[in-house]
Amino acid sequence: MPRIGFGFDTHKLETDRDFWLGGIRISHDKGATGHSDADVLVHAICDALLGAAGLGDIGTHFPDTSSEYKDIDSKVLLKRTLDMVLKKGYTIGNLDTTIVLQNPKISHYIPEMIKTLAEVLKTDRSRISIKAKTSEKLGFIGREEGLSAYAIVLLEIS
Ligand SMILES: [Zn+2]
């Protein structure tokens, strides 16, 4: 039977911080803050994969109390997550995601994000979907204090 998994993540945005999103660097005067590179989309995808495989969550496997993960490239975490999922005998059916961010506009970055994530996940680009929307200027996302990402993944038995 295929297995479905869901992931969510949110991070704060602050000035003078590199902005990593979907595995690539976005040009902006603010960046997401966190223990790692704070890539909200990659973290949501990790949680969706772990959830689908019944492997817990990102905080359990890569605790933010560990110096090993300080400022780490989240693509490394994604690669390790994929390895755990493959080891359990699953492959990625498809992955659908949404980024919620007020500014900047990121739609033109999406093809590069998909290309980057397909390489890390060793899957075809056609299996990955990334959508972007604003929060209509409502709440902390609307005030550009932070951003969120949602991911859902279908795993198939390999
Ligand atoms: Zn995160």
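Biologist: Which residues of α3 are buried?

Modeller: Buried means under 20% relative accessible area, with exposed over 50% and partly exposed in between (1.4 Å probe, protein chains only). In α3, that covers S74, K75, L77, L78, T81, L82 and V85. Seen down the axis of α3, they fall within an arc of 150°, so they line one face of the helix; the arc is that of the directions from the helix axis to the C-beta atoms.

Biologist: What should I know about the model itself?

Modeller: This is a predicted model: local features need pLDDT of at least 70, side-chain atom pairs count only at pLDDT 80 or more, and totals for chains, interfaces and linings use all residues. Residues are numbered from 1 along each chain as its sequence is written, and side-chain values use heavy atoms, with hydrogens and water left out.

Biologist: What do the buried residues of α3 pack against?

Modeller: Contact means heavy atoms within 4.5 Å. Here the partners are β2 (19-21), α1, β5 (90-100), α4 (110-120) and β7 (146-157). Helices (H or I, at least four residues) and strands (E, at least two) are DSSP runs, numbered from the N terminus.

Biologist: Which residues coordinate the zinc ion?

Modeller: Donors are N, O and S atoms within 2.8 Å of the metal (3.2 Å for Na, K and Ca); water is not among the atoms, so sites may look incomplete. Here D9 (OD), H11 (NE2) and H43 (ND1) do the job, at 2.0 to 2.1 Å. D9 lies in strand β1 (residues 3-15) and H43 in helix α1 (residues 40-52), so the pair ties together parts that are 34 residues apart in sequence. D9 counts as buried at 16% relative accessibility, and H43 does at 7%.
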